[in-house]
Every structure is written in C-alpha cells, then in structure tokens.
Amino acid sequence: MFVQDLRNDFYRQLVGKRILIVVNYDIDAICASRILQALFKYDHMLYTVVPIMGVTGLKRAYGEHQGDVKYVVLVNCGGCVDIVELLQPAEDVTFFICDSHRPLDVCNIYSDRQVCILGDASLEENIPSFETIFYDSEGEEDEEDETSDQEDQRNNDSGAGESDQEDQAAPRSSSHKLSRLERHEQRILKQRARRQWESERDRIMFEYTQFSYYGRSAALMLFELAWKLSKDNMDLLWWAIVGCTEQLLLGKIESGAYTLELEQIQSHVSRLTNKTNDQNTMSASKITFENDLHLVLYRHWPVTESMRYSRYASCQLKLWTLRGEKRLHELLLEMGLPLVHARQTYGAMDLVLRKEFYSMVERLAEKYDIPDIVYGTFTLSYGYRSRYAAADYVYALLAIMESVKKHKTPEDCFLEASDSLSRQHKQLLTAGIDQAKLLHAAVFRQVQSSLEARQVHSAGSFFYYVLQEEHAFFSYPYALGLLARFLLRGHVATSRARQAPDLPLIASCPLDAAQGMCLLVGIAPVREDSPRNFFGKAFEQAAQKSGVALLQDFFEPAVVQLRQSDLTRFLDALTVLLT
C-alpha cells in the first residue's frame with residue numbers, strides 16, 4: 001500500500017521504536033540514509049544501518065536483525081521484489097519502502113499495512129488493477145462445495161422416494177442426469193474463463209514489468225519529510241541535491257524530470273537562505289543555483305583533461321583522434337584561452353580567465369556542436385576556498401564506492417562515502433575526487449583503445465563489447481556502466497551506420513577469474529530520450545531459452561552475472577530474442 005502522509009503515517013509510527021535501515025549501494029540511497037539518520041538522531045531514536053548490494057544482501061541483513069526489530073526501512077531497495085514472499089516476516093513486522101526503482105512489485109502495492117510504499121499512487125504509471133492480477137479462488141471453491149452439497153442432498157431425496165414412486169423413477173433420473181451435465185459444462189466454462197484470465201494477466205504483467213526505470217529521488221523525498229517536520233537545514237538540502245544530481249549524471253532520469261525538480265529545490269534554497277539571514281547568524285555553508293558545464297571535475301582539473309575525459313564533449317569532438325585533438329586546440333584558441341593556462345589546474349588559472357570560462361564555452365557551444373554542454377545545477381560554498389558543484393560530489397562518491405580492494409570491503413567503502421558527505425570530512429571528499437580522476441582517465445583510455453581496435457561488435461539488434469581480462473576499475477557495476485555509456489556514444493559518433501543511434505549496447509567484464517564469472521551491463525540506445533531499459537526482462541527470457549544460469553541479484557535488472565563460458569550461448573539467445 002502507498003503512504004502519502006509521510007509525517008503521520010511513516011515518521012510518527014517510528015518514534016520511540018527500534019528501527020532497521022537497509023540501504024542499497026548507490027549514491028541516492030546513501031544521501032537518503034544520511035537525511036533519515038539526521039532526523040532519527042534529532043528525536044533520539046535507536047536505529048541500525050546495514051548497507052547491501054543486492055537481494056542476497058537484503059535477506060542476510062533481515063535474517064541477522066529480525067529478532068531485534070519490528071520496523072524496517074528499505075532505502076532504494078525492496079520495492080521491485082515481493083518483500084513478504086522473499087523474507088517471510090512475522091505478521092507484526094512492518095516494512096516502509098522508499099525506493100526510486102520502478103516498476104514496483106504489485107504484491108507490495110496491494111499489501112495490507114505490512115508493506116508501506118512511501119509516495120503518491122497517482123504519480124505511478126500503469127499500475128494494474130487488483131482484479132486483473134489476483135484471482136478470487138476462494139469464491140470458486142465455495143461454489144463447488146455448494147454444488148457438491150446440493151448433489152448429495154438430491155441423491156438422498158432420490159433414494160428416500162424410490163420405494164414409494166417407482167413409476168416416476170425414469171423422469172427423476174433423466175432430470176438428475178441433465179443437471180449433472182450442466183454442472184460439468186459449468187465447470188468446463190469456468191476452467192476456460194480461468195485460462196483466459198491467466199493469459200490476460202500474463203500479458204498485463206509483461207507490459208507492466210517489461211521496462212525498468214527510475215522514479216523520484218529517495219533523498220529528495222526524505223528531505224521533503226524533514227521540511228514538513230521543520231527539521232530541515234542546508235546540509236540535508238545539499239544531500240538531497242546530490243542524490244537528484246546522481247540520477248541525472250548516471251542517466252537514470254530524463255533531463256526534463258530533473259528540470260522540474262530544480263524548480264522545487266530552488267524554492268527550498270531561497271527559503272533556507274532567507275531563514276538564515278532572518279536569524280542574523282553567519283551561515284556555515286551557502287548553496288547557489290547556476291548554469292554550469294557538463295565537464296567532469298573541471299574545477300579540480302586542467303581544462304584540457306576535463307574536456308577529454310567528459311563523455312559528452314569528448315564524443316562530440318572525437319577527442320581520442322588526432323583530428324579531435326586538433327579541434328580542441330581550435331576551440332581553446334577561439335575562446336581566447338592560452339594552451340599554457342588550459343593545461344594548468346583550473347584553480348591556478350588567471351582569475352579573469354576563470355570568471356569568463358563559462359561564458360567562453362557557452363558562446364561557442366553551438367559552433368562546435370556541443371549545445372547540451374550547459375545545464376542547471378547547484379554549488380556548495382563554505383570557508384574561503386571550498387566550492388564544489390553537486391556533480392563533484394557525485395563523481396567523488398562514485399569513485400569511493402568502486403574502490404573495493406582486498407583490505408577494503410564494500411561496507412568500508414559505503415561508510416567512507418557516507419562520511420565524505422559531511423563538511424567535517426573534507427579530506428575524504430578530496431581523496432574521492434582524486435580517485436574519480438583516475439577512474440575517468442581509465443575509462444577514456446579504454447574507450448580510445450577499444451574504438452581503435454574496433455572491439456565494439458554488432459549482433460544486428462544490439463552492440464556488444466567484451467573485456468577479456470579482469471580490470472581494477474571495470475569489475476564493478478557503476479564503473480562498467482560509465483565505460484559502456486562512453487563507449488556506446490563514442491561508437492555512434494564514429495559509426496557510419498544509420499541505425500547505430502537506435503541500438504543498445506551490452507558490455508561484459510570478467511568478475512572473478514577463479515569462479516569464471518563475468519558481469520554484464522545493458523545500456524539503452526543513444527537516441528532514446530527516455531532512460532527506460534528493457535534488458536532486465538530480455539536477459540531473463542534469454543536465460544530461460546538458452547538454459548544459462550543467470551544471477552540477477554542486483555536491484556538494477558539490467559546488471560547481471562553469469563559464467564563466462566556461457567556468455568557466447570547467452571548472447572546468441574539474446575540475438576534471436578531481439579531480432
């Protein structure tokens with residue numbers, strides 16, 4: 001069931017209770033969990049936070065803590081699976097789901113009080129009606145029992161009157177046989193109607209679940225709860241902005257949906273800024289809205305490096321080629337930005353050039369075919385020298401989360417990413433930005449070598465790319481997704497095929513050489529405006545047809561694991577399915 005009044009039907013139900021917070025391994029979820037923790041600390045509530053990476057982690061987390069809690073909050077996880085079926089909880093356990101993954105599981109939607117989904121049902125798309133997906137089998141059983149009782153009663157009556165009225169036995173027997181035939185026909189008609197209903201239900205459920213996509217940011221939803229509780233502040237608002245920006249930068253939502261959210265966020269920024277000024281106190285931080293550039297970490301990098309490693313600018317200018325490099329130098333020359341300054345770190349550039357850099361790029365964007373390089377975003381300023389764009393936080397947190405090593409578990413990376421959101425841990429953010437530079441440089445080098453070696457192959461209805469060896473960066477879902485998006489856009493930019501912008505890409509990387517497993521990511525076509533992804537359902541059907549064992553453990557359906565020896569057979573089945 002949906003819970004729209006978060007203040008009364010969600011938060012106040014938790015006051016005074018012990019709570020388990022299960023958080024998915026993504027940036028929006030981390031930001032949402034920080035907001036929730038801030039609210040719980042304000043009211044001195046007991047809670048436990050457990051990060052997870054998939055369905056297996058969710059089952060383990062609940063199994064370890066089910067004896068201690070009766071209230072569980074699931075952040076960006078659990079919405080797309082049948083929670084009651086998966087976890088088999090006691091009847092007095094209540095789950096609150098704040099999940100941006102779509103589509104939501106229908107059993108969660110129609111659950112009676114035990115599963116509560118935070119959000120507005122009217123904003124959800126194409127939810128099947130209850131009658132079309134759930135069959136009332138109890139009513140059918142009652143009818144059959146009633147029919148059986150009537151038959152027994154009729155047989156008894158027939159036996160009692162047999163000795164007195166033998167001359168009427170034939171008509172009674174004929175009537176009895178006729179009613180029996182009618183009952184048989186009714187049973188057949190019911191079975192046929194049941195089969196038709198099941199066929200229609202399968203069609204409706206396929207249409208409902210065939211595409212995976214994302215709804216509203218969980219961090220933004222929980223910030224609005226903080227606002228309604230009058231417990232919001234600049235830090236909580238900034239975390240919500242970072243969560244929303246992650247959805248845009250990783251292609252989870254359309255730019256139009258992001259723009260609509262910007263308008264609401266701007267009103268919160270103005271309100272909190274005015275509130276701070278009215279109280280005559282010096283604000284420790286300041287959030288401002290401005291038009292910025294889609295250039296990766298350009299405030300912390302030389303301009304030339306940022307342009308080269310930014311997916312949009314690099315692919316539009318083809319910066320992995322000599323011709324593209326020459327075009328970049330022409331752009332810098334026409335901007336009036338000397339090469340010696342462009343190769344310096346942005347902070348070390350001349351002050352006048354720094355102030356004019358945005359207007360320089362914006363003025364020439366149309367001429368150099370990079371019109372979408374400008375977008376609206378927010379920046380955070382505190383102290384004298386600390387100024388960060390929301391995108392800087394997203395890329396830094398992403399690099400921290402993907403920095404899993406032998407001595408550093410995913411849980412360690414989760415806690416480090418969570419701590420880096422605090423201004424008190426600026427050194428963690430700085431280290432994350434440095435790691436992000438290495439990640440984006442590695443992505444560019446891999447794209448350059450792969451395109452030069454023509455390693456992106458066409459299967460007719462999709463492109464596929466297979467990394468043959470384990471990689472320090474790309475053996476993780478988000479980094480492999482970054483590589484796949486960059487590679488697909490780069491391939492489309494250099495391809496002469498007309499259908500190239502309409503074809504998706506599947507990228508694979510070895511995950512565990514000892515077990516022979518590989519990671520598979522499906523990316524939507526470049527030309528599609530909607531970030532909806534059909535690969536989750538396609539992967540499932542291809543695995544059934546090919547007999548390949550597929551591990552769909554992640555909450556992102558388009559990210560799966562399978563044995564490397566099965567990859568060719570799986571891709572063949574997928575080719576047949578999508579042709």
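This report describes the overall build, one sheet and the nonpolar cores of a predicted model.

The chain has 579 residues, and buried residues make up 50% of them. It holds 22 helices and 17 strands. Along the principal axes, its C-alpha atoms fill a box of roughly 120 × 60 × 45 Å. The accessible surface of the chain is about 28,100 Å², and carbon and sulfur atoms account for 48% of that area. Of the contacts between residues at least 6 apart in sequence, 72% join residues at least 24 apart.

Strands of a sheet pair through backbone hydrogen bonds, either parallel or antiparallel. One open sheet here has 6 strands with parallel pairing, in the order β1-β7-β5-β4-β2-β3. Its edge strands, β1 and β3, each pair on one side only. Some elements of this region are listed below.

| Element | Residues |
|---|---|
| β1 | 2-3 |
| β2 | 19-24 |
| β3 | 47-52 |
| β4 | 71-75 |
| β7 | 115-118 |

β1 pairs with β7 in the parallel sense over 2 bridges, and valine 3 stands opposite leucine 118 in β7. Helix α2 (residues 27-42) packs on the sheet and touches β2, β3 and β4. The direction of α2 makes about 160° with that of β2.

In soluble globular proteins, nonpolar side chains tend to be buried together. The largest nonpolar core in this model has 118 residues, and Phe10, Trp238 and Tyr393 have the most contacts inside it. Apart from this core lies another, of 26 residues, including Leu317, Leu319, Met335 and Phe357. Leaving aside neighbours within four places in sequence, tyrosine 393 is in contact with residues including Trp238, Val242, Leu380 and Leu429.

How values were computed:
Residues numbered from 1 in each chain as written. Predicted model: local features only at pLDDT ≥ 70, side-chain atom pairs only at ≥ 80, totals over all residues. Heavy atoms only, no water. Core = buried A, V, L, I, M, F, W, Y, C linked by side-chain atoms within 4.5 Å. Buried < 20%, exposed > 50% of the residue type's maximum accessible area, 1.4 Å probe, protein only. Contact = heavy atoms within 4.5 Å. Pairing = 2+ DSSP bridges. Helix = DSSP H or I, 4+ residues; strand = E, 2+ residues; numbered from the N terminus. Axes fitted to C-alpha atoms, helices over the stretch in contact; angles between N-to-C directions. Areas by Shrake-Rupley, 256 points an atom, 1.4 Å probe, with all protein chains shown as cover.
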